[in-house]
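The following exercises ask the reader to work through a structure from its strands to its loops. Each task is followed by a solution in steps.

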Amino acid sequence: MALFFQVLASGSKGNATLVCSERTRILVDAGLSARELCARLDRTPVKPNELNGIIISHEHQDHVRGCGTLSRRCGCPVYLSSGTLENLPSQVGTLPHRQVFQSGNGFTIGDLSVHPFAISHDAGEPAGFIIEHDGCRLGVCTDLGIATELVKARLAGCHGLVLEANHDMRLLIDGPYPWQLKQRIRSRHGHLSNEDSFALLEHLHHVHLRAVVLAHLSEVNNNPRLVAQSILDLQASERWCRVSFQIGQQNAVADGIELTG
Ligand SMILES: [Zn+2]
Ligand SMILES: [Zn+2]
């Protein structure tokens, strides 16, 4: 096994993805309660006290809810940017084991290389991540209003991707959210629509791309069936038919995915 990843939860009520090599295990985001995160880890090969770190994309509750409790309980460090640290909700509590990173500067956790990069979102200092091990490259990138040139460059060449497909534009516009919130979601500091996400995927396609998880679907402004249909449309073309796809779920642990270089 070179690099293993498994989406434990995905959506506006909580996000967490397990990423492992044979000897290092980390979470990207910990946006469920610690109790729920432990329950979801029970459905994976990893026990909570085997975690070597939790890396945090930004301070919104759906990404940090359980990180303080889980870190204190398991003694594993939380890796976050200073902008995220300054804006953490008070419920997270103290982080005795914390490591501050800067976007653009890579670091290692065990034998995983982690490369944070800046994304555009309404948070203090939000980041996406490339995680590499043994020639395998995984990109985890949710909560971004726009796929900037930097985002496209960092996500290029990944073997696996966890990529936001937040909303269907029509459902958002016709939906129940107040006008201002609709504007925020659509803005450069909001979230990627299905259309944005699939356009980005077309841009990122390469022959070694193996697996894609469409993530952070809005329960109000999206419908997994729409995303599934877009996946089917994509897979009708020969260059996509060998790429495996999943849709991240809010209430269920997805199947684990193994990447080899
Ligand atoms: Zn989020
Ligand atoms: Zn967010």
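**Exercise 1.** Determine how strand β9 is paired with β10, and describe the hairpin that they form.

*Solution.* In this predicted model, β9 and β10 (residues 136-141) run antiparallel and are joined by five bridges. Within this pairing, Ile131 has Leu138 of β10 opposite it. The hairpin of the two strands has two residues between them, and Asp134 adopts a positive phi near 50° there.

**Exercise 2.** Identify how strand β8 is joined to β9, and establish whether the residues of β9 are buried or exposed.

*Solution.* Step 1: Strand β8 (residues 112-118) runs antiparallel to β9, with six bridges between them. His115 stands opposite Ile130 of β9.

Step 2: The criterion for a buried residue is 20 or more other C-beta atoms within 10 Å of its own. Seven of the seven residues of β9 (residues 127-133) are buried, so the strand is largely enclosed by the rest of the structure.

Step 3: The side chains may then be sorted by direction. Ala127, Phe129, Ile131 and His133 point one way, whereas Gly128, Ile130 and Glu132 point the other way; all are buried.

**Exercise 3.** Place these strands in their sheet, and state which strands stand at the edges.

*Solution.* Step 1: The sheet is open and has seven strands in the order β7-β8-β9-β10-β11-β12-β13, with mixed pairing.

Step 2: The edges are occupied by β7 (107-109) and β13 (244-247); each has a single partner strand, so one side of each lacks a neighbour in the sheet. From one strand to the next, the twist averages 20°.

Step 3: At the β13 edge, the partner strand is β12 (residues 211-215), which runs parallel to β13 and is joined to it by four bridges. Val213 stands opposite Gln246 in β13.

**Exercise 4.** Describe how helix α8 packs on the sheet, and determine how its buried residues are arranged around its axis.

*Solution.* Step 1: Helix α8 (residues 194-204) touches β11 (160-164) and β12, and its direction makes about 155° with that of β11.

Step 2: The buried residues of α8 are Asn194, Asp196, Ser197, Leu200 and Leu201. Viewed down the axis of α8, they fall within an arc of 160°, so they line one face of the helix.

Step 3: A general rule helps in reading this pattern. An α-helix has 3.6 residues a turn, so residues three or four places apart point the same way.

Step 4: The buried residues of α8 pack against β11, β12 and α9. On the other side of the helix, Glu202 and His203 are exposed.

**Exercise 5.** Locate Asp29 and His216, and give the sign of phi for each residue.

*Solution.* Step 1: Asp29 is found in the loop between β3 (25-28) and α1 (34-41). Its phi is near 70°, a positive value in a residue other than glycine. Asp29 is buried, because 29 other C-beta atoms lie within 10 Å.

Step 2: His216 belongs to the loop between β12 and α9 (224-235). Although His216 is not a glycine, it has a positive phi of about 55°. With 26 other C-beta atoms within 10 Å, His216 is buried.

**Exercise 6.** Characterise the surroundings of Leu88, including its contacts.

*Solution.* Step 1: Leu88 lies in the loop between α4 (82-86) and β6 (98-101). The count of other C-beta atoms within 10 Å is 20, so Leu88 is buried.

Step 2: Leaving aside residues up to four places away in sequence, Leu88 touches Glu59 and Val64. His58 is 30 residues from Leu88 along the chain, and their C-alpha atoms are separated by 8.4 Å.

Methods. Residues are numbered from 1 along each chain as its sequence is written. Chains are lettered from A and ligands numbered from 1 in the order in which they are written. This is a predicted model: local features need pLDDT of at least 70, side-chain atom pairs count only at pLDDT 80 or more; totals for chains, interfaces and linings use all residues. Two strands pair if DSSP finds at least two bridges between them. Axes are lines fitted to C-alpha atoms, for helices over the stretch in contact, and angles run from 0 to 180 degrees between N-to-C directions. Two residues are in contact if their C-beta atoms, placed from the backbone, lie within 7 Å. A residue is buried if 20 or more other C-beta atoms lie within 10 Å of its own, exposed if 12 or fewer, and partly exposed in between; C-beta atoms are placed from the backbone. The arc is that of the directions from the helix axis to the C-beta atoms.
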